[in-house]
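Please find below a short note prepared for colleagues who will be working with this model. It proceeds from the chain as a whole to individual residues.

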Amino acid sequence: MRKLPLIKVQRGKKYYLKMTPAQRYQHFILMSTFILLVLTGFPLKFHYYPWAKTLINSLGGLRVTTVIHRICGVTMVGLFFYHWYYLFKNLYVYYIAPSIRLKKFSIKGLLKFIYYSPMFPRIKDVKDVADFLKYVFFITDEKPKHERFHWREKFDYWAVFWGIPVLGLTGAILWFESYSTMFFPGWFVNISFIAHSDEALLAAAVILIWHMYNAHVNYDKFPMSPLFLTGYLPEEIMKHEYYLEWKRINCLVEKDKSLFFDMDEYKANKKKEMQEHLLHCFEDIIDENFENEEKKDEQA
């Protein structure tokens, strides 16, 4: 497996790895499907309002809007199952397989590995929330020192694990309404409609207010964090918001220099190589022309 550099230097600034490409791709699919589900779902629910009719017509009509909504819903549910596969695959690759090979596998070790995985809620998160409240109420001047993902990000992450099942199951019941009534009473479909739209409203409010503020609008990231595009965060944000992770990465890079990549130096070397190559080509052309001229003179 190709090692990603933990620190990259670009235009004289250090950037720290926080999201791998696989995580960024999953986030991109989740983000895209979520935006399209909001853009199509709320006009379908509030179809009797003028703004909803305008939006439905701009998307191609009621049928097209419904199809887009269902395709995005199925894609999001598919991503949910893929993410479970991704988690189990990482568990196998990084703990189960090596521990079996070294004959050190144990249930206790497995649970410990899961507990200390970056996104798993831990006692430290509870302490961080308490320290954060002390900080915002001026009880202390010291902010909590976070690891790779802090408690607000873990809240965003784990919210998906109840949001998608609720939206997926109720969405399937509403999609196959007549089949659903063969197995469930009619009031179950009505409750599914309320649960689907209320959960969607809650998810939209949390993402647009809570997540967008913390990830992009906060004063140290405004107008946009580069994390979801590049997977890396600038050193000032990393040190300010994820101090323990910043310190951990610096220690790892100190021990293994291959985890450090200076893009400025790499580009400068590539540019120098290209210039030298062009110079050699130019010299070869001059020599070839000179030899041709000499041959012509001899023949004359």
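The points below take up the overall form of the chain and then three positions within it.

1. Status and secondary structure. The model is predicted, and its features should be read in that light. The secondary structure of the chain consists of 12 helices and 4 strands.

2. Overall dimensions. The radius of gyration of the chain is 28 Å, whereas a compact globule of 300 residues would have a value near 19 Å. Measured out along the principal axes, the C-alpha trace extends over about 105 × 55 × 50 Å.

3. Burial and contacts. Of the 300 residues in the chain, 29% are buried. Among contacts with a separation of 6 or more, 62% join residues that are 24 or more positions apart.

4. Surface and charge. The chain exposes an accessible surface of about 20,600 Å², and carbon and sulfur atoms contribute 68% of that area. There are 39 positive and 32 negative side chains, with 13 Å between the centres of the two sets.

5. Asn 214. This residue lies in helix 8, which covers residues 186–217. Asn 214 counts as buried because its relative accessibility is 12%, below the 20% cut-off. A polar atom of the Asn 214 side chain is placed 3.0 Å from the backbone oxygen of Trp 210. When residues up to four places away in sequence are set aside, Asn 214 touches Arg 152 and Lys 221. Arg 152 is 62 residues away from Asn 214 along the chain, yet their C-alpha atoms are separated by 8.0 Å.

6. Pro 185. This residue belongs to the loop between helix 7 (177–183) and helix 8. Is Pro 185 buried or partly exposed? Its relative accessibility of 36% lies between the limits of 20% and 50%, and Pro 185 therefore counts as partly exposed. Pro 185 and Trp 210 are 25 residues apart along the chain, and 37 Å separates their C-alpha atoms.

7. His 150. The position of His 150 is in the loop between helix 5 (123–136) and helix 6 (151–175). With a relative accessible area of 2%, His 150 is buried, since the criterion is a value under 20%. Apart from neighbours within four places in sequence, His 150 is in contact with Glu 241 and Tyr 242.

8. Points to view together. In the displayed model, the reader may wish to inspect Asn 214 alongside Arg 152 and Lys 221, and His 150 alongside Glu 241 and Tyr 242.

Key: Residues numbered from 1 in each chain as written. Predicted model: local features only at pLDDT ≥ 70, side-chain atom pairs only at ≥ 80, totals over all residues. Heavy atoms only, no water. Helix = DSSP H or I, 4+ residues; strand = E, 2+ residues; numbered from the N terminus. Rg over C-alpha atoms; globule rule 2.2 N^0.38 Å. Buried < 20%, exposed > 50% of the residue type's maximum accessible area, 1.4 Å probe, protein only. Contact = heavy atoms within 4.5 Å. Areas by Shrake-Rupley, 256 points an atom, 1.4 Å probe, with all protein chains shown as cover. Lys, Arg positive; Asp, Glu negative; His and termini not counted. Charge placed at Lys NZ, Arg CZ, Asp CG, Glu CD. Polar contact = N/O pair within 3.5 Å; in protein donor to acceptor, adjacent residues only side chain to side chain.
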